[in-house]
Each structure stands twice: as structure tokens, then as C-alpha cells.
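Hi,

Here is the structure I said I would pass on. Have a look at it first, and my notes on what turned up are underneath.

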Amino acid sequence: MRSLPRSALALILAILLALSACCAAAEGEVLARGASGEAVEELQVRLMELGYLSGKLDGQFGTLTEEALLAFQAEAGLEETGIADAETLEALMAPDAPEAPEELRAGSGEMVWIPRTGHRYHSNKDCSGMKQPSYVTIEEAVRQGFTPCKKCYS
Ligand SMILES: [Zn+2]
């Protein structure tokens, strides 16, 4: 069997790496159902801040995230695709992005940190030495029985 010279292999490898880097970056700009990761978390935080989404920040683009995004797109006058493309993300991250109207409001938009153990929610992530706290809407924290931390909410 004839093998390729080492330099040709290196070149092919370089091309493959360049291609995968390019496509990973492009994928990062369009988020749709089934996506997950940090980009989805950022999307969820913003949807929560604006009142379209409530519950737990989980980094999973599921039905609830899709519904929240559809509502935002309708409110922002964008095409209602349920897909966070570059145009949607730009509108969403804009300082003047439209907040959810009262009748759609999933929550107040207030976000809090809850610890893995304990029953207080916090405005400060570093309060009380919490380890890997979850970032949730205040409504979700209350639903789970959490009450305000006296240090964070005095
Ligand atoms: Zn606290």
C-alpha cells in the first residue's frame, strides 16, 4: 500500500482543522431546538431578563426556549422562525430589545442564584460560599420553596 508523504498529511490535517473551526463558528451564530451549551445559556438569560422565559437556566434549547424565542420574534417584528439566527440574536441583545408584554410575561425578569443545598436565594453569586449555584428566575426559586437571603436582600 502506498502511503502519502508526511507533508501531504500535514497539509490535509491543516485544511480539515481550518474547515472545522470555520463551521463551528458559523454554527455558533444560529441556535435552534436541540442546541445546547453556553451560547444557549446566554440566549436563555436574555429571554428571562426580558420576561419571555422563566424557569431554570439549563443551556438546553428545548420547546420552552423555542416558544419564548417565537414570542420575542413576534414582538420584535421579526420573522417567527423559532431559530436564533444572527438577525434575531442582534435584536435580542440590543439594549432596546422589546420586553415581553404583560399578557405574555413568563416572569418578572429578575434572576437569582440558588445553592445546591440550603433554602435561600441570592442576588450575589458569591454569597455564602455557594458551590455551582443555579441561575433561575425569582419565580422559579420561590416555586421551589426558596426564600430571600438576608444578606443579599436587606
Ligand atoms: Zn446572599
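To start with the overall layout: the chain has five helices and four strands, and from the N terminus on they come in the order α-α-α-α-β-β-β-α-β. Keep in mind that this is a predicted model. The average pLDDT over the chain is 87, and 83% of the residues score at least 70. One stretch to treat with care is residues 21-27, where pLDDT stays under 50 and the model has zero contacts beyond four places in sequence.

Of the 154 residues, 23% count as buried. Among contacts with a separation of 6 or more, 55% are between residues 24 or more positions apart.

Now the inside. The largest nonpolar core has 16 residues, and L47, Y52, L53, A68 and F72 have the most contacts inside it. Helices α2 (38-49) and α3 (63-76) each supply at least two residues of this core. If you want a place to start looking, try Y52: leaving aside neighbours within four places in sequence, Y52 is in contact with L47, A68, A71, F72, A100 and A106. Apart from this core lies another one, of nine residues, with Y121, V136, A141 and F146 among them. As background, nonpolar side chains tend to be buried together in soluble globular proteins.

On to the two helices that feed the big core. α2 has twelve residues, which should span 16 Å at 1.5 Å a residue, and its end C-alpha atoms are indeed 16 Å apart. Its buried residues are V40, L43, Q44, L47 and M48. Looking down the axis of α2, these buried residues fall within an arc of 135°, so they line one face of the helix. That kind of spacing is familiar: an α-helix has 3.6 residues a turn, so residues three or four places apart point the same way. What do the buried residues of α2 pack against? Their partners are α3, β1 (111-114) and β3 (134-137). Just after α2 comes G51, with a positive phi near 90°.

α3 has 14 residues and reaches 20 Å from its first C-alpha to its last, close to the 20 Å expected at 1.5 Å a residue. Buried in α3 are T65, A68, L69, A71, F72 and Q73, and the buried residues of this helix pack against α2 and α4 (86-93).

α3 is also followed by a glycine with a positive phi: G77, near 75°. G77 is found in the loop between α3 and α4. Is G77 buried or exposed? G77 is exposed, because it has 9 other C-beta atoms within 10 Å, and the cut-off for exposed is 12 or fewer. G77 and P98 are 21 residues apart in sequence, with their C-alpha atoms 9.8 Å apart in space.

Last, the C-terminal strand. P148 lies in β4 (residues 147-148). P148 has 16 C-beta neighbours inside 10 Å, so P148 counts as partly exposed; a residue needs 20 or more to be buried. Leaving aside neighbours within four places in sequence, P148 is in contact with R120, Y121 and Y153. P148 and Y121 are 27 residues apart in sequence, yet their C-alpha atoms are 5.1 Å apart in space. Y121 is also one of the residues of the nine-residue core.

Shout if anything is unclear.

Cheers

Methods
Residues are numbered from 1 along each chain as its sequence is written. This is a predicted model: local features need pLDDT of at least 70, side-chain atom pairs count only at pLDDT 80 or more; totals for chains, interfaces and linings use all residues. Two residues are in contact if their C-beta atoms, placed from the backbone, lie within 7 Å. A nonpolar core is a set of buried Ala, Val, Leu, Ile, Met, Phe, Trp, Tyr and Cys residues joined through C-beta atoms within 7 Å. The expected span of a helix is 1.5 Å times one less than its number of residues. pLDDT is the predictor's confidence in each residue, from 0 to 100. The arc is that of the directions from the helix axis to the C-beta atoms.
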